[in-house]
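Good morning, colleagues. Please take a moment to look at the sequence and the structure on the screen before I begin.

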Amino acid sequence: MARVTMEVLKLTTTVDASGYLHLDIATQLPPGQVNVVVVMNPLISETTHKADYDFSDLAGKLVWQGDALGIQRSLRDEW
């Protein structure tokens with residue numbers, strides 16, 4: 001009986017607009033049933049990642065009068 005070893009594949013692919021992931025992978029395995037384990041980890045591109053908040057238009061326009069640390073401590077004490 002021929003010994004067949006498990007294959008581990010790592011690839012980057014795309015999920016289509018309807019949410020389906022299609023895999024078409026050539027293997028060296030003989031025909032028959034196989035166990036498949038899929039781990040999906042979304043890729044986050046630095047160019048497509050948008051900051052949750054953009055305060056760049058406020059830079060240099062806010063003026064604080066008072067002790068910021070003191071106010072922060074008093075807010076924590078309220079909890």
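I shall speak about the chain as a whole, then its pocket, then its surface, and finally a few residues.

Please bear in mind throughout that this is a predicted model.

Let me begin with the chain. Its secondary structure comes to one helix and zero strands. The helix, α1, covers residues 68–78. How many of the 79 residues count as buried? The share is 0%. The area that the chain exposes is about 8900 Å², and 56% of that area is supplied by carbon and sulfur atoms.

I turn now to the largest pocket. Its volume is about 1200 Å³. In total, 31 residues line this pocket, and those lying nearest its centre are Leu-9, Leu-23, Ile-25, Val-37 and Val-38. What classes of residue make up the lining? There are 20 nonpolar residues, together with nine polar and two charged ones.

The next topic is the surface. A nonpolar patch of about 830 Å² is found there, and its members include Leu-11, Leu-29, Val-34, Val-36 and Met-40. Leu-9, Leu-23, Ile-25 and Val-38 also belong to this patch, and these four residues were named a moment ago among those nearest the centre of the pocket.

Let us consider two of these residues in detail. Leu-9 is found in the segment before α1, and the place of Ile-25 is in the segment before α1 as well. Why does Leu-9 count as partly exposed? The reason is its relative accessibility of 47%, since the partly exposed class runs between 20% and 50%. Ile-25 is likewise partly exposed, because its relative accessibility is 38%. In sequence, 16 residues separate Ile-25 from Leu-9, while in space their C-alpha atoms are 9.2 Å apart.

Finally, I would draw your attention to Val-39, which also lies in the segment before α1. Is this residue buried or exposed? Val-39 counts as exposed, because its relative accessibility is 73%. Measuring from C-alpha to C-alpha in the model, Val-39 and Lys-10 are 9.8 Å apart, with a sequence separation of 29 residues.

Thank you for your attention.

Definitions and conventions: Residues are numbered from 1 along each chain as its sequence is written. This is a predicted model: local features need pLDDT of at least 70, side-chain atom pairs count only at pLDDT 80 or more; totals for chains, interfaces and linings use all residues. Side-chain values use heavy atoms; hydrogens and water are left out. On a 1 Å grid over the protein atoms alone, a cavity is a set of points where a 1.4 Å probe fits but cannot get out, and a pocket is an open set with protein on both sides within 12 Å along at least five of seven lines; lining residues have an atom within 4 Å of a point. Grid points are joined across faces, edges and corners, and a volume is the space filled by probe spheres set on the points. Ala, Val, Leu, Ile, Met, Phe, Trp, Tyr, Cys and Pro count as nonpolar, Asp, Glu, Lys and Arg as charged, and the others, Gly among them, as polar. Patches are made of residues with over 30% relative accessible area and no salt bridge: like charges are joined within 9 Å, nonpolar side chains (Val, Leu, Ile, Met, Phe, Trp, Tyr) within 5 Å. Accessible areas come from the Shrake-Rupley method with a 1.4 Å probe; for residues, only the protein chains shown count as cover. A salt bridge is a side-chain nitrogen of Lys or Arg within 4 Å of a carboxyl oxygen of Asp or Glu. Helices (H or I, at least four residues) and strands (E, at least two) are DSSP runs, numbered from the N terminus. Buried means under 20% relative accessible area, exposed over 50%, partly exposed in between (1.4 Å probe, protein chains only).
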